[in-house]
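Ready for a bit of practice with a protein model? Grab a pencil and take a look at what comes up next.

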Amino acid sequence: MSATTPDEVHKSVRKYLAVFIALIIGTVITVGAYYVHLPSVAMTIAVALLIASVKAFLVAGFFMHLISEKKMIYGILVATVFFVIGLCFLTIWSMHDFPANMNHSVTGQM
Amino acid sequence: MDIPYTVHPRADTGLYNAKVGIWLFLASEVMLFGALFSSYILLRVGAPDGTWPHSVLNIPLGTLNTIVLISSSITVVLAWASLKLNNFARYRVIQSITLLCSLIFLVIKSFEYRDKFAHYQVVQKDGKYVDGHLTGSVYLDADKKTREEHGFRGLSFTEGPKGAQKKFTLESVTVNGFEAKSLAEINNPKVGVHHEHKDFKIAAAQIKKIGNYGPWHNTYMAIYFTLTGLHALHVIGGALVIGYIWGPGAAMWKTDPERYINRVEVSGLFWHFVDLVWIFLFPVLYLL
């Protein structure tokens, strides 16, 4: 997993700096996309969340060394991701349970 | 009491125990924040069309805080790499930047919070809204002899020594902001429309409802304070642990350097997680 010899550490440091620059660029693009006002709300949300996901991948993958981690940690995380996605979808599914005539904006929106 | 620990990776897991421990802890943290994010989705999708507030927060400050937190994330990992290269002095310097960044983040956040507590919304009896910073409020006592001017203390308050307490009632407030005909005009300002800010003096008799942008203001402010407050607590907790390892805990570098490096790595993993949460919080709360 993590670098052990001085040479490997030096190589990792260069990688960390590249990731750092990518994260700053990602932040600038996210804020920039807000100010240019994309044509639709859906597109704005999609762009912002896509960039956030890429940034999250970079932090978790390189700063937290997840791209070269041991199996046991992947096991823990697969379970976590499964449950957290379930958690988010539960709230969305629950919204379809309302009677149609309730004052609830979700009708016809999802 | 000596808590059992391992310094070198175990043969069966390939990891030292603290690393398994921190990842299990982070997994539970993901569930904690996941629950709140799903609450956010519920509130946001469930809000009637056009009522979800936009541009309530200060985007330049939020962007600055994002950059501060990302910077602290790289310094954490560079500090750890310095230790791997046996360079303790450089670790000390780089990790002090991490601690400085955490402090800057919290100071900026507290300014943002303070701003929300000074930001008021007044609903007038004629149906119009005034939104802005409360700059003054005038109170009158019951016999209308004493007039007091100071920060907002509600529609009335009592003051004075026991037995001789006086009741003061609000006479007027001054708000520096803009007037709006509807909530939608405040929550969804149209692109390019800039509200002229000026002072509004509003008599108490005109006020139907008055309140600041605290967590009680609306569901957006509630979830904003809950998410960022919990995140700020994580920043404080992480900074305390990193600060302890950096300062008083650094004696271990001499007695057990490998275990010390592990501590720095594990506290760093937590710190990256805190950064990761912010990466999602920032666009979700500030921009969308």
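Here are three exercises, each with a worked solution.

This is a predicted model, where local features need pLDDT of at least 70, side-chain atom pairs count only at pLDDT 80 or more, and totals for chains, interfaces and linings use all residues. Residues are numbered from 1 along each chain as its sequence is written, chains are lettered from A in the order in which they are written, and side-chain values use heavy atoms, with hydrogens and water left out.

**Exercise 1.** Work out how chain B is built and how spread out it is.

Solution. Start with the elements: chain B has seven helices and seven strands, meaning DSSP runs of H or I (at least four residues) and of E (at least two), numbered from the N terminus. Next, put them in sequence order: α-α-α-β-β-β-β-β-α-β-β-α-α-α. Finally, check the spread: the radius of gyration (over C-alpha atoms) is 25 Å, well over the 19 Å from the globule rule for 288 residues, so chain B is more spread out than a compact globule. That rule is 2.2 Å times the number of residues to the power 0.38.

**Exercise 2.** Find what share of chain B is buried.

Solution. Take buried as under 20% relative accessible area (1.4 Å probe, protein chains only). Of the 288 residues in chain B, 50% pass.

**Exercise 3.** Describe how chain A meets chain B.

Solution. First, contacts (heavy atoms within 4.5 Å): 52 residues of chain A touch 52 of chain B. Then the buried area, which is the accessible area (1.4 Å probe) lost on putting the two together, summed over both: about 4,500 Å², 82% of it on carbon and sulfur atoms. Last, the top trio: Y34(A), F63(A) and M64(A) supply 13% of the area that chain A buries against chain B, more than any other three residues.
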